[in-house]
Amino acid sequence: VQLQASGGGLVQPGGSLRLSCVFSGSIFSSMGWYRQAPGKQRDVVASIASGGGTSYVDSVKGRFTISRDNAKNALYLQMNSLEVEDSAAYYCFADSGRRRYWGQGTQVTVSS
């Protein structure tokens, strides 16, 4: 099982980014994104179940949208109205049975 995250970068406050996570190797139940800022713990941002149900942390509701395209083996996180507080390394994950798989981080920096 492999997950490859991409799409991070430097953006001004109010801007947008789209993160992608391409995966291979298994059928996953739940997938999603965590983020970790320097000196802070890794926290969940959003998740999506195999049936399409989504969940978001309160701080990103209305700004971020998670989606998955099983035909392309891809997971996305559309991030709009970005804030300085959204700056972090973002990690995608995928659950298969009792195992959780992680992609490498992609850095998002929101700064003017």
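Here are five short exercises on the structure above, each with a worked solution.

The model is predicted, so local features need pLDDT of at least 70, side-chain atom pairs count only at pLDDT 80 or more, and totals for chains, interfaces and linings use all residues. Residues are numbered from 1 along each chain as its sequence is written, and side-chain values use heavy atoms, with hydrogens and water left out.

**Exercise 1. Follow the aromatic rings**

Task: Work out what kind of aromatic pair tyrosine 34 and phenylalanine 93 form, and which aromatic pair phenylalanine 93 forms with tryptophan 102.

Solution:
- Start with the rule. Rings of Phe, Tyr and Trp (its six-membered ring) pair if their centres lie within 6.5 Å; planes under 30 degrees apart are stacked, over 60 edge-to-face, and the rest tilted.
- The whole structure has 5 aromatic pairs. One of them joins tyrosine 34 and phenylalanine 93, at 5.4 Å centre to centre with 75° between the planes, so this pair is edge-to-face.
- Now place the two rings. Tyrosine 34 is in strand S4 (residues 31-36) and phenylalanine 93 is in strand S9 (residues 88-96), 59 residues apart, and the pair links these distant parts of the chain. Strands here are DSSP runs of E with at least two residues, numbered from the N terminus.
- Move on to phenylalanine 93 and tryptophan 102. Their centres are 5.9 Å apart and the planes make 50°, which means a tilted pair.
- Elsewhere, ring pairs tie Phe23, Phe28 and Tyr101 into a cluster.

**Exercise 2. Sort residues by accessibility**

Task: Decide whether tyrosine 34, phenylalanine 93, tryptophan 102 and arginine 99 are buried, partly exposed or exposed.

Solution:
- Get the cut-offs straight: buried is under 20% relative accessible area, exposed is over 50%, and partly exposed is in between (1.4 Å probe, protein chains only).
- Tyrosine 34 comes in at 17%, so it is buried. Phenylalanine 93 has just 2% and is buried too.
- Tryptophan 102 has 36% relative accessibility, so it counts as partly exposed.
- Arginine 99, which lies in strand S10 (residues 99-102), counts as exposed because its relative accessibility is 54%.

**Exercise 3. Find the rings under arginine 42**

Task: Find which ring the charged end of arginine 42 sits over at 3.7 Å from the centre, and which ring face it lies over at 4.8 Å.

Solution:
- A charge sits over a ring if NZ of Lys or CZ of Arg is within 6 Å of the ring centre and within 35 degrees of the ring normal.
- At 3.7 Å, the ring is that of tyrosine 91.
- At 4.8 Å, arginine 42 lies over the face of tryptophan 102.

**Exercise 4. Look at two strand residues**

Task: Describe the setting of isoleucine 48 and aspartate 95.

Solution:
- Isoleucine 48 is in strand S5 and is buried, with a relative accessible area of 6%.
- Count contacts as heavy atoms within 4.5 Å. Leaving aside neighbours within four places in sequence, isoleucine 48 touches residues including Met31, Ile66 and Leu75.
- Check a distance as well: isoleucine 48 and alanine 94 are 46 residues apart in sequence, and 9.7 Å apart in space, C-alpha to C-alpha.
- Aspartate 95 belongs to strand S9 and counts as buried at 13% relative accessibility.
- Not counting residues up to four places away in sequence, aspartate 95 is in contact with Phe28, Ser29, Ser30 and Arg100.

**Exercise 5. Spot the positive phi values**

Task: Say where asparagine 73 and serine 81 are found, and what is notable about phi at asparagine 73 and serine 81.

Solution:
- As background, most residues other than glycine have a negative phi.
- Asparagine 73 has phi near 50°, a positive value in a residue other than glycine. Asparagine 73 is in the loop between strand S7 (64-69) and strand S8 (74-79), and is partly exposed at 31% relative accessible area.
- Serine 81 also has a positive phi, near 50°. Serine 81 is found in the loop between S8 and S9, partly exposed with a relative accessible area of 41%.

Technical notes:
Helix = DSSP H or I, 4+ residues; strand = E, 2+ residues; numbered from the N terminus.
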